[in-house]
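The following exercises concern the strands, bonds and cores of a single model. Please examine the sequence and the structure before reading each solution.

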Amino acid sequence: LEPAPLATTWPSRCTAPGATCAINPTSVSAFPANFSLTAVMPVLPQAYPSGRTELTITASDGTRTRSGSPTVLIRDYAVSVVPAVQAHPGVVLQLPITITPVNGFADSVVLTCEPGALGSECGFTPTGSVSLSGGAATATATISVPANAAPGPYSLKITARDASYAALAHENSVSVAVTDFALSSDPSSVTVRAGQSATFNLTVS
């Protein structure tokens, strides 16, 4: 800010996309002056897909206006898992999961699974939580497809949550296509005399 007469008051304000931003004090009448800037960022990481945002600070005496744009880096993490798989009834799927820290995130992440209509059993290796203190980490989701699962599309959800701040979570949907086969014969029946052979055309589909 430029020097100004002591009688001049410079009110200041702050704006932040999707966040609550405040300056204290809100005005000064002497220079140099110090301000305290507080920005409360929203919990949802989707608000800042780039992992960063810029605040806008403006001060004016009615004639002159000065502004600044400090950058806030949002600590977060990204979760990568295959979006779609195929499976037969009774098989066990193992899905690799990669968790990557963003902007110095170093907490642990807890993984959970919701099988939905598939009704499968889900587990993770390692069990418990996955630490990102050393950087990116990997885990494996083990999904047991029920032996009586009917063919068709299913969806299950894998959720990762910050172990110390559960509101910071990422959800990934995995589409599971359960496939099976059928055996049919043509014709379905024949009539023969004793000692004769019967011939059928078999189709596996």
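**Exercise 1. State which residue stands opposite Ala84, and place the strands concerned in their sheet.**

Solution. Ala84 stands opposite Ser175 in β17. Strands here are DSSP runs of E with at least two residues, numbered from the N terminus, and two strands pair if DSSP finds at least two bridges between them. β10 and β17, the latter covering residues 165–178, run parallel and are joined by four bridges. Next, both strands belong to an open sheet of five strands with mixed pairing, in the order β10-β17-β16-β12-β14. β10 (84–87) and β14 (129–131) each have a single partner strand, so one side of each lacks a neighbour in the sheet. From one strand to the next the twist averages 30°; axes are lines fitted to C-alpha atoms, and angles run from 0 to 180 degrees between N-to-C directions.

The model is predicted: local features need pLDDT of at least 70 and side-chain atom pairs count only at pLDDT 80 or more, while totals for chains, interfaces and linings use all residues. Residues are numbered from 1 along each chain as its sequence is written, and side-chain values use heavy atoms, with hydrogens and water left out.

**Exercise 2. Describe the sheet that contains β9, and name the bridge partner of Val79.**

Solution. Four strands form this open sheet, in the order β9-β11-β15-β13, and the pairing is antiparallel. β9 and β13 stand at the edges with a single partner strand each, so one side of each is left without a neighbour in the sheet. On average, neighbouring strands of this sheet are turned by 25° against each other, direction ignored. Within the sheet, six bridges pair β9 with β11 in the antiparallel sense. The bridge partner of Val79 in β11 is Ile99.

**Exercise 3. Characterise the hairpin of β6 and β7.**

Solution. Strand β6 (residues 56–60) and strand β7 (residues 65–68) run antiparallel and are joined by four bridges. Ile57 stands opposite Gly68 in β7. Four residues lie between the strands of the hairpin, where Gly62 takes a positive phi near 100°.

**Exercise 4. Which residues form a disulfide, and how accessible is each?**

Solution. A disulfide is a pair of cysteine sulfur atoms within 2.5 Å. A search of the whole structure finds one. The pair is Cys113 and Cys122, with sulfur atoms 2.4 Å apart. For accessibility, buried means under 20% relative accessible area, exposed over 50%, and partly exposed in between (1.4 Å probe, protein chains only). Cys113, at 19%, is buried, whereas Cys122, at 30%, is partly exposed.

**Exercise 5. Locate the cis peptide bonds at Pro25 and Pro126, and the positive phi at Asn103.**

Solution. Most residues other than glycine have a negative phi, and most peptide bonds are trans. A cis peptide bond joins Asn24 and Pro25, with omega about -5°; Pro25 is in the loop between β2 (20–24) and β3 (27–28). Another cis bond links Thr125 and Pro126, with omega about 0°, and Pro126 is in the loop between β13 (121–125) and β14. Asn103, a residue other than glycine, has a positive phi near 55°. Its place is in the loop between β11 (92–102) and β12 (108–114), and its relative accessibility of 32% makes Asn103 partly exposed.

**Exercise 6. Which residues touch the most other members of the largest nonpolar core?**

Solution. A nonpolar core is a set of buried Ala, Val, Leu, Ile, Met, Phe, Trp, Tyr and Cys residues joined through side-chain atoms within 4.5 Å. The largest core has 31 residues, of which Tyr77, Ile97, Ile99, Leu111 and Val176 touch the most other members. Two or more residues come from each of β9 (76–81), β10, β11, β12, β15 (137–144), β16 (152–162) and β17. A second, separate core of six residues includes Cys14, Ala16, Ala19 and Ile23. Contact means heavy atoms within 4.5 Å. Leaving aside neighbours within four places in sequence, Ile97 has contacts that include Val79, Leu111, Phe124 and Ile158.

**Exercise 7. Is Ala136 buried or exposed, and which residues does Ala136 touch?**

Solution. Ala136 lies in the loop between β14 and β15. With a relative accessible area of 55%, Ala136 is exposed. Not counting residues up to four places away in sequence, Ala136 touches Ile99, Thr100 and Pro101. The C-alpha atoms of Ala136 and Pro101 are separated by 6.0 Å, although the two are 35 residues apart along the chain.
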